[in-house]
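Here are some short exercises to work through with the structure open beside you. Try each task before reading its solution.

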Amino acid sequence: MQRDVDQVLIPRAQIAQRVGELATQITADRSAAAEDGQITILPIMTGAMIFCADLIREIPITMQIGLITVSSYPGRSVISQGAQVIGQQLGDVKGRDVLLLDDILDTGATLRLVKGVLEEKGAASVKTCVLLRKDRPSAQSFAADYVGFEIPDVFVVGYGLDFNNHYRNLPDIVTLKEEVLARP
Ligand code: XMP
């Protein structure tokens, strides 16, 4: 797996530090805005799984966790094929403040889709937090409330992000060698 890596874009220590900063900011905003207990954290599966696990353990407030699975890069795709909800276990979101977590903001289609689902189900508010935002105009078209890192417009894997459902367990955020992406 390591030999498929081209460059380490964000090393694990830098991710951990930034995740801590995001958690501090989210906790402070939440404490200023509302009473404890009404927040639902909704990671978008599968990419946000590791980000969510690390982030929520640094947010010391009462919360519920839901799950939603969206697919936009099926199989070996490195270009979005359009976002589609393929599974959900939202819990009760009606009247609740929801914080959506995603690994990366690219075209904005995923967050737009899931925000729409939550608004339809009567969430009181929906905020969004992404670990990465690609430096491309379409990513700016969706205003995320919290952004971890801006990255160049390249395909990345690791820390939950995948290629063909591999590499999610790499602890750093990396790019892959051209020949790996081109393998039949
Ligand atoms: P959109 O285009 O909906 O993209 O904003 C968000 C979803 O697309 C996936 N995505 C990537 N996955 N490396 C990946 O492994 C990437 O560089 C990448 N760019 C987008 C991801 O699932 C995200 O939730």
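**Exercise 1. Place Thr128 in the fold.** Find the element that holds Thr128, decide whether Thr128 is buried or exposed, and list what Thr128 touches.

*Solution.* Keep in mind that this is a predicted model.
- Step 1: Thr128 sits in strand β7.
- Step 2: The relative accessibility of Thr128 is 1%. Buried means under 20%, so Thr128 counts as buried.
- Step 3: Leaving out residues up to four places away in sequence, Thr128 touches Leu99, Leu100, Leu111, Phe142, Ala143, Ala144, Asp145 and Tyr146.

**Exercise 2. Find the inward side of a helix.** Which residues of helix α2 are buried, and what do they pack against?

*Solution.*
- Step 1: Helix α2 covers residues 49-56, and its buried residues are Phe51, Cys52 and Leu55.
- Step 2: Those residues span an arc of only 95 degrees around the axis, so they lie on the same side of α2.
- Step 3: The partners of these buried residues are α1 (12-33), β2 (39-45), β6 (97-105) and β7 (125-134).

**Exercise 3. Map the nonpolar cores.** Work out how many residues the largest nonpolar core has and which element gives the most to it.

*Solution.* A general point helps here: in soluble globular proteins, nonpolar side chains tend to be buried together.
- Step 1: The largest core has 26 residues, and Phe51, Leu55, Leu99, Cys129, Leu131, Leu132 and Ile173 have the most contacts inside it.
- Step 2: Two or more residues of this core come from each of α1, β2, α2, β6, β7 and β8 (146-151).
- Step 3: The element that gives the most is α1, with 5 residues.
- Step 4: There is also a second, separate core of 20 residues, which includes Ile68, Val70, Val93 and Leu105.

**Exercise 4. Check the cysteines.** How many disulfides does a search of the whole structure find, and how far is the sulfur of Cys52 from that of Cys129?

*Solution.*
- Step 1: The search finds 0 disulfides.
- Step 2: For Cys52, the nearest cysteine sulfur is that of Cys129, 9.8 Å away. A disulfide needs the two sulfur atoms within 2.5 Å, and Cys52 is in no disulfide.
- Step 3: Cys129 is likewise in no disulfide, its nearest cysteine sulfur being that of Cys52.
- Step 4: Cys52 counts as buried at 5% relative accessibility, and Cys129 is buried with a relative accessible area of 0%.
- Step 5: Setting aside residues up to four places away in sequence, Cys129 touches Leu22, Ile26, Phe51, Leu99, Leu100, Leu101, Asp102 and Tyr146.

**Exercise 5. Look around the ligand.** Which residues come nearest to the ligand, and how far are its oxygen atoms from N or O atoms of Ser72, Asp102 and Asp162?

*Solution.*
- Step 1: There are 17 residues around the ligand, and Thr107, Gly108, Thr110, Val156 and Asp162 come nearest.
- Step 2: In the side chain of Ser72, an N or O atom is 3.3 Å from a ligand oxygen.
- Step 3: For the side chain of Asp102, the corresponding distance is 3.1 Å.
- Step 4: Asp162 uses a backbone N or O atom, 2.8 Å from an oxygen atom of the ligand.

**Exercise 6. Follow Thr69 to its contacts.** Describe the setting of Thr69 in strand β4.

*Solution.*
- Step 1: Strand β4 runs over residues 67-71 and contains Thr69.
- Step 2: With 22% relative accessibility, Thr69 counts as partly exposed.
- Step 3: Met45 is 24 residues away along the chain, yet the C-alpha atoms of Met45 and Thr69 are separated by 4.5 Å.
- Step 4: Beyond its neighbours within four places in sequence, Thr69 contacts Met45, Gln84, Val85, Ile86 and Gly87.

Definitions and conventions
Residues numbered from 1 in each chain as written. Predicted model: local features only at pLDDT ≥ 70, side-chain atom pairs only at ≥ 80, totals over all residues. Heavy atoms only, no water. Buried < 20%, exposed > 50% of the residue type's maximum accessible area, 1.4 Å probe, protein only. Helix = DSSP H or I, 4+ residues; strand = E, 2+ residues; numbered from the N terminus. Arc of directions from axis to C-beta. Contact = heavy atoms within 4.5 Å. Core = buried A, V, L, I, M, F, W, Y, C linked by side-chain atoms within 4.5 Å. Near = heavy atom within 4 Å. Polar contact = N/O pair within 3.5 Å; in protein donor to acceptor, adjacent residues only side chain to side chain.
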